[in-house]
Amino acid sequence: MKKIYWVFFVVLFTFTSLAQNSLEDYKKKYPDFNELILKDQQAYDFSIENDKLKVIENSQYESLIMTDNGIINNKESFSYSELVKLMGYDAYSVVTENGKEKKIKVTQTNEVQSGQSSVFYDDVKVRQLIFPNLEAGAKKVYHYQTEIIDPFLLHKYVFGSNLPIKNAVLEIKTDKNINIGYKIFNDPTNSIEFSKTEKKGKWIYQWTLKEVKPVKFESNSPGFLHLVPHINVYIKDYTINNKKVEVLGDIDKLYTYYKGFTKNINQKEDANLKAITLKLIENLTTDEEKIKSIFYWVKDNIKYIAFENGYEGFIPREASLICERKFGDCKDMASIITTMAKYANVKDVFLSWIGTREIPYSYNEMPTPAVDNHMIAVYKKGDNYIFLDATDKETLYGIPTSFIQGKEALIGEGENYKIVTVPIVAAETNEVNEQVKLSIEKDKLVGSGKVQFKGYSRSNITLRMGDATNKTRFEMIKSLVLKGNNKFNLKEYSEENLTDRDKPYQINYNFDLQNYIVKADKEIYINLFLEKPFEKLTIEKDRFAPFEFEHLTFVNSQYELEIPKNCSLKYLPKNFSLDNDYVKANFTYQNQNNKITLSIKLQQKKLLIAKSDFELWNKTIKELKNNYSETLILLEK
């Protein structure tokens with residue numbers, strides 16, 4: 001290792017002085033926290049070495065234990081990989097003895113695989129550190145250096161943590177023949193301080209945010225990149241021997257970079273895969289029938305397993321290898337679909353890059369690899385595009401996976417590309433349609449029903465249920481059709497269209513329900529809202545993040561109650577309708593042929609409820625709940 005890499009280790013780490021702010025001052029300022037991050041800094045050094053661009057990253061971290069409870073958090077970690085090589089690190093606790101600070105080196109350390117829950121295998125390694133001798137007033141300090149092998153793959157810097165941060169800093173040091181670009185997100189008040197200075201023939205860029213509030217985890221959040229201030233930095237170009245080398249800065253350059261990963265794959269024909277394809281389509285006549293059959297075959301026969309191993313995280317594997325292994329990641333699924341389409345002579349099936357909904361950028365906003373994290377196949381049918389994402393086994397042909405709705409797809413069409421926005425699937429496509437017939441036997445409700453799940457409502461349920469059997473499946477079915485209260489008794493059920501994705505998944509069931517009917521003298525009170533959609537979705541007023549739904553839903557239910565022969569109708573609730581930016585609802589009662597019916601139509605309109613919309617959303621939920629409480633009255637003769 002060259003001596004220059006270790007320069008930053010022998011330079012004294014700049015401690016935040018407790019003389020300026022005593023421990024008690026910090027505890028008063030941050031009373032709800034056991035620990036304070038004093039400094040979180042990421043620094044890049046861009047230089048030209050041996051006629052190549054070199055990128056070194058130095059990261060520094062320092063935190064203060066403020067209470068005895070904070071001692072429990074004695075672990076920290078950082079990561080690296082084949083494309084982000086670890087050059088060295090140092091870590092130690094700082095304690096005060098006899099009024100002086102003393103460093104105690106970390107000796108308990110371990111390297112493990114990253115163990116991301118969504119990834120079967122990756123080459124990312126995590127260095128775990130255990131800090132010794134912690135006590136209130138002690139500090140945890142570590143710093144490490146990595147080399148970014150590919151200058152296209154710079155990290156974003158996030159000004160945020162689950163702990164408060166006193167100083168968060170991103171610093172970029174560049175030779176003057178290197179031009180950078182950057183974009184700041186989620187800083188509407190321009191709180192991030194910026195400076196650009198010159199030192200020893202280099203430009204030094206620095207962004208600082210002080211007194212950073214902790215990030216609060218909230219359910220149904222669209223993801224921290226939508227909320228937390230952060231910066232994406234990229235290299236525009238650099239000059240070597242008077243020759244300018246373009247890197248990033250527009251979509252053309254990004255596509256050129258991506259195209260380099262895919263241009264040489266699947267050049268050799270695979271006889272086995274071609275034979276499978278031709279057998280699959282032998283009785284099909286249209287291109288759409290063929291690509292649909294291929295799409296479903298890949299879903300059923302290729303198991304999705306995520307891999308991230310160096311450039312294997314970017315380069316799709318050969319379709320022949322995927323077929324042989326019977327598993328692959330998102331890129332591999334796209335690779336085998338496009339190859340089988342070619343064998344089937346279905347034209348206009350392309351590889352496509354896309355970001356999931358947790359990434360907030362468009363390709364124009366951020367034309368770097370930070371903009372996407374997923375790959376699919378796309379079939380161009382006339383002027384329309386069918387998004388073929390086989391990573392979700394249950395999603396039916398014709399609708400995209402839910403986590404790419406509303407996102408832009410960068411579709412590679414040979415030398416050219418096209419950017420197409422994935423549509424948000426209409427609520428009606430995801431309809432839950434239920435019909436329930438009810439009668440009264442003594443003091444309980446007895447009923448039979450059938451419920452159909454379409455679109456995402458279908459795929460989410462069938463994916464979750466998997467191949468569960470016996471009691472486990474019974475309980476899962478019961479949770480799907482449960483009505484009224486916890487006295488709901490599911491007697492029997494049957495299922496239809498479980499394996500046919502193109503048809504609604506249907507459950508037929510019989511049940512009885514006790515402790516639901518209320519009798520007072522000769523009056524019988526019954527609430528026909530045996531289910532109350534969205535009832536529990538009131539949003540807390542102090543919530544920080546917008547509220548995001550996985551998909552839009554349309555509830556279309558009908559309850560039919562047979563009036564007992566010894567009863568008459570005394571009171572029927574009024575009909576109700578509502579139509580605003582978030583929900584369209586119609587609740588309609590009818591009394592006909594000695595039967596009372598309640599028709600419930602409830603259509604959701606928005607995937608994302610912004611903070612400015614919380615008040616009106618909550619008002620909407622309140623109106624729905626008021627009508628859910630309406631009760632009809634029967635009178636015994």
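Let me start with one residue, Asn-74: at 22% relative accessibility, Asn-74 counts as partly exposed. The cut-off matters here, because buried means under 20% relative accessible area. Please keep in mind that this is a predicted model.

Where is Asn-74 in the chain? Asn-74 lies in the loop that runs between strand S2, residues 52–65, and strand S3, residues 75–80. Leaving out residues up to four places away in sequence, Asn-74 touches Leu-129, Ile-130, Phe-131 and Leu-134. To give a sense of distance, take Thr-401, which is 327 residues from Asn-74 along the chain. The C-alpha atoms of Asn-74 and Thr-401 are separated by 40 Å.

Now the whole protein. There are 637 residues, and buried residues make up 51% of them. How many helices and strands does the protein have? The count is 10 helices and 38 strands. Taken along the principal axes, the C-alpha atoms fill a box of roughly 95 × 70 × 45 Å. The accessible surface of the protein comes to about 31500 Å², and carbon and sulfur atoms hold 47% of that surface. One more figure for the whole protein concerns contacts with a separation of 6 or more: residues 24 or more positions apart account for 72% of these.

Next, the helices, beginning with H4. Helix H4 covers residues 271–281, and helix H5 covers residues 287–301. H4 and H5 pack at an angle of about 125°, with their axes 9 Å apart. That angle makes H4 oblique to H5. The crossing of H4 past H5 is right-handed. Which residues meet? On the H4 side they are Ile-276, Thr-277, Leu-280 and Ile-281, and on the H5 side they are Lys-290, Ser-293, Ile-294 and Trp-297. By class, the contact of H4 with H5 has five nonpolar, two polar and one charged.

H4 also packs against H7, which spans residues 330–343. The axes of H4 and H7 come within 9 Å and cross at roughly 70°. That makes H4 roughly perpendicular to H7. Here too, H4 passes in a right-handed crossing. From H4, the contact uses Leu-273, Lys-274, Thr-277, Leu-278 and Leu-280. From H7, it uses Ile-336, Thr-339, Met-340 and Tyr-343. The contact of H4 with H7 divides into six nonpolar, two polar and one charged residues. If you compare the lists, Thr-277 and Leu-280 of H4 appear in the contact with H5 and again in the contact with H7.

The next pair is H8, residues 455–465, and H9, residues 470–481. Their axes come within 11 Å and cross at roughly 155°. Are H8 and H9 parallel or antiparallel? Angles over 145 degrees count as roughly antiparallel, and H8 and H9 are therefore roughly antiparallel to each other. H8 passes H9 in a right-handed crossing. H8 brings Ile-461, Arg-464 and Met-465 to the contact, while H9 brings Arg-473, Met-476, Ile-477 and Leu-480. Sorted by class, the contact of H8 with H9 has five nonpolar, no polar and two charged residues.

Back to the loops, and first to Ile-315. Ile-315 sits in the loop between strand S18, residues 307–308, and helix H6, residues 319–325. With a relative accessible area of 31%, Ile-315 is partly exposed. Ile-315 touches Phe-261, Ile-265 and Lys-331, again not counting residues up to four places away in sequence. Tyr-258 is 57 residues from Ile-315 in sequence, and the C-alpha atoms of the two are 8.8 Å apart in space.

Last, two backbone angles. Most residues other than glycine have a negative phi. What is phi for Asn-133? Phi of Asn-133 is near 60°, a positive value in a residue other than glycine. Asn-133 belongs to the loop between strand S8, residues 125–130, and strand S9, residues 139–148. Asp-348 also has a positive phi, near 60°. The loop that holds Asp-348 runs between helix H7 and strand S20, residues 349–354. Asp-348 is partly exposed, at a relative accessible area of 38%.

Terms used
Residues are numbered from 1 along each chain as its sequence is written. This is a predicted model: local features need pLDDT of at least 70, side-chain atom pairs count only at pLDDT 80 or more; totals for chains, interfaces and linings use all residues. Side-chain values use heavy atoms; hydrogens and water are left out. Axes are lines fitted to C-alpha atoms, for helices over the stretch in contact, and angles run from 0 to 180 degrees between N-to-C directions. Helices (H or I, at least four residues) and strands (E, at least two) are DSSP runs, numbered from the N terminus. Angles under 35 degrees count as roughly parallel, over 145 as roughly antiparallel, 65 to 115 as roughly perpendicular and the rest as oblique. A crossing is left-handed if the near helix is turned anticlockwise from the far one by less than a right angle, and right-handed if clockwise. Contact means heavy atoms within 4.5 Å. Ala, Val, Leu, Ile, Met, Phe, Trp, Tyr, Cys and Pro count as nonpolar, Asp, Glu, Lys and Arg as charged, and the others, Gly among them, as polar. Buried means under 20% relative accessible area, exposed over 50%, partly exposed in between (1.4 Å probe, protein chains only). Accessible areas come from the Shrake-Rupley method with a 1.4 Å probe; for residues, only the protein chains shown count as cover.
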